[in-house]
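Please examine the model shown below together with its sequence. The account that follows is meant to be read alongside both.

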Amino acid sequence: MAGVAINEVELMMPELRGPGGDVAAQMRLMWDLVKAPLIVPALRLAVYVCLAMSLMLFVERLYMGIVIILVKIFCGKPEKRYKWEPMREDYEIGTSVFPSVLIQIPMFNEKEVYKISIGAVCNFAWPSDRLVVQVLDDSTDVNIKEMVEQECVRWASKGINIRYQTRITRGGYKAGALKEGLTHDYVQDCEYVAIFDADFRPEPDFLLRSIPFLIHNPEIALIQARWRFVNADECLLTRMQEMSLDYHFKVEQEVGSSTHAFFGFNGTGGIWRIAAINEAGGWKDRTTVEDMDLAVRAGLKGWKFLYLGDLHVKSELPSTFKAFRFQQHRWSCGPANLFRKMFIEIVRNKRVNVWKKVYVIYSFFLVRKITAHMVTFFFYCVVLPLTILVPEVDVPKWGAIYIPCIVTILNSVGTPRSIHLLFYWILFENVMSFHRTKATIIGLLEFKRANEWVVTEKLGDAINNNNNKNKPNAAKPAPKKKSIFRDRILPQELGFAVFLLFCGVYDFLYGKNHYYIYLFLQVITFTIAGVGYLGTIVPS
């Protein structure tokens, strides 16, 4: 075969070198020469790999769908699976029946939302002498630091035991702040620590509903509440995020909690047993997902986690596309990097059974944190369009259409109210899969941006305030004019839009599978993202 290919090249060389040869014809001829021996086998292998990953994702989604139905039917509420008794003040011993609880609120330049979480936790229905509120402010803006400190002073004057803590450097970022916060003398008597980001607003009964599980079940290390979103209806971008996160909480977290008593800590809206944190080795800043890192290490020590789906904590979704991209980079890169660093440790662990290790390695990391991103991007944005240009490679209908449709329907169960947006959610997720895949590869190979930490921007009421001249504290973002093009125009997304447009036009003219319908819609979505018209546009 190699000899035949060489002879063909030698016979065609004179034509290629002819001065009057048509350039387009010569390029077509070269394409035909390399297509059969190189392109077709490589693309066919890529199709097989993508089909295998699609099946992995399909089986995982189907498994979780079946488990969540069984949990709802047979398992009942957490109060029936675990011991739980309501907290009541003892008239003889007073408030000492309540354990001491530490509340940590890490912050970084949270001008728009710093009052939200501080006010919410200071209004907890919990004895003030058994509560310590710790505001960990890593802000670099002196004015913001002063405002946060004044807010702490205001609540302290009302009898709340609130401490304002700062650091000289931001070493370790959030993990470093949380770790240092636990070293202060005044927290040594605390048994539990609840963590809330600056935009989170727990209800007053948060501790009353969660602490009893920790008191009466000493094997439980973590209680995770469900996130709800105050700005889900702000724009289409926030609606798309709500759909993805609702599935994560309603299905993924519930399944992990019910079957293996393990899931990833979401970094906020949860409460830890401090003894479990210490036994697991404390907070570590080796990745950008310090919350997941701690959860995996505690899980390998044999601790159990409990997800409370009916315990809601309101929070804010990033509503600007730039903030959302930075958040997704961290959420995709961090788990991949953690998997690289902990794989051997998980395999060698002797404290948990083999099924839990398989669940953590295969289901939790490999399928959800790596395969899900890669198959979405490579299969539907690269490999499938390329098969249009190489008709010798065929993609079976079950892999190109049926499996994606079933997986999408299973994903939609988390947010029934947005089912009419399902098709656009697919197109949006395909665009975001590019960023997530890139971040996943960076994390797996530990490239330069593997430990990049950019705090997710919260707007609070900034948009409304900016339009209200009567509010002196209105946010007034003023980006430099020279950065507008850099922040809004995304050349990589536009490049993919051009590539998909070319494949779509080719399929329309010469194809037989009518993929161009999907491709043209995907071109529009990539273009919208590429010119920055996704999410809230902050007025300048």
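The paragraphs below treat the sheet, the helices, the nonpolar cores and the salt bridges in turn. The model is predicted.

The sheet offers a starting point. Eight strands, in the order β3-β2-β1-β4-β7-β6-β8-β5, make up an open sheet of mixed pairing. The edge positions are taken by β3 (162-166) and β5; each has a single partner strand, so one side of each is left without a neighbour in the sheet. Within the sheet, β4 pairs with β7 (residues 270-273) in the antiparallel sense, over 4 bridges. Isoleucine 195 has glycine 270 of β7 as its bridge partner.

Helices pack on this sheet. Helix α5 (residues 142-156) touches β1 (101-107), β2 (131-137) and β3, and its direction makes about 160° with that of β3. Helix α8 (residues 236-259) also packs on the sheet, touching β6 (220-229) and β8 (304-315), with an angle of about 155° between its direction and that of β6.

Helix α10 (residues 290-300) has another setting. Of its 11 residues, 11 are buried, and α10 is therefore largely enclosed by the rest of the structure. Even residues with charged side chains belong to this buried set, among them Glu290, Asp291, Asp293 and Arg297. The cover over the buried residues of α10 includes α6, β7, α9 (274-279), β8, α11 and α12 (354-389). Just after α10, glycine 302 adopts a positive phi of about 100°.

A positive phi is also found at glycine 76, just after α2, with a value of about 75°. Helix α2 itself (residues 23-75) has a kink of about 65° at lysine 35, shortly before proline 37.

The nonpolar interior comes next. In soluble globular proteins, nonpolar side chains tend to be buried together. In this model the largest nonpolar core contains 93 residues, of which Ile103, Ile118, Leu207, Trp272, Val296 and Phe305 touch the most other members. Beyond its neighbours within four places in sequence, tryptophan 272 is in contact with residues including Tyr192, Val193, Ile195, Leu222, Phe265, Leu294, Ala298 and Phe305. A second core, separate from this one, has 51 residues, including Leu51, Val375, Val395 and Leu422.

Charged pairs complete the picture. Side chains of opposite charge can pair when their charged atoms come close. How many salt bridges does a search of the whole structure find? The search finds 19. In one of them, lysine 174 pairs with aspartate 197, with 2.9 Å between the closest N and O atoms. This pair links distant parts of the chain, 23 residues apart: lysine 174 lies in helix α6 (residues 173-181), and aspartate 197 in the loop between β4 (192-195) and β5 (201-202). Lysine 174 and aspartate 197 are both buried.

Arginine 286 and aspartate 293 form a further salt bridge, at 2.8 Å from N to O. Here arginine 286 counts as partly exposed because its relative accessibility is 23%, whereas aspartate 293 is buried, with a relative accessible area of 0%.

The salt bridge between glutamate 446 and arginine 340 has an N to O distance of 3.2 Å. Glutamate 446 belongs to the loop between α14 (422-445) and α15 (462-466) and arginine 340 to helix α11 (residues 321-348), so the pair ties together parts 106 residues apart in sequence. Glutamate 446 is partly exposed at 32% relative accessibility, and arginine 340 is partly exposed at 44%. Elsewhere, Asp233, Arg239, Glu242 and Arg417 are joined into one network by salt bridges that share partners.

Methods
Residues are numbered from 1 along each chain as its sequence is written. This is a predicted model: local features need pLDDT of at least 70, side-chain atom pairs count only at pLDDT 80 or more; totals for chains, interfaces and linings use all residues. Side-chain values use heavy atoms; hydrogens and water are left out. A salt bridge is a side-chain nitrogen of Lys or Arg within 4 Å of a carboxyl oxygen of Asp or Glu. Helices (H or I, at least four residues) and strands (E, at least two) are DSSP runs, numbered from the N terminus. Buried means under 20% relative accessible area, exposed over 50%, partly exposed in between (1.4 Å probe, protein chains only). Two strands pair if DSSP finds at least two bridges between them. Contact means heavy atoms within 4.5 Å. Axes are lines fitted to C-alpha atoms, for helices over the stretch in contact, and angles run from 0 to 180 degrees between N-to-C directions. A nonpolar core is a set of buried Ala, Val, Leu, Ile, Met, Phe, Trp, Tyr and Cys residues joined through side-chain atoms within 4.5 Å. The bend at a residue is the angle between axes fitted to the seven residues ending there and the seven starting there.
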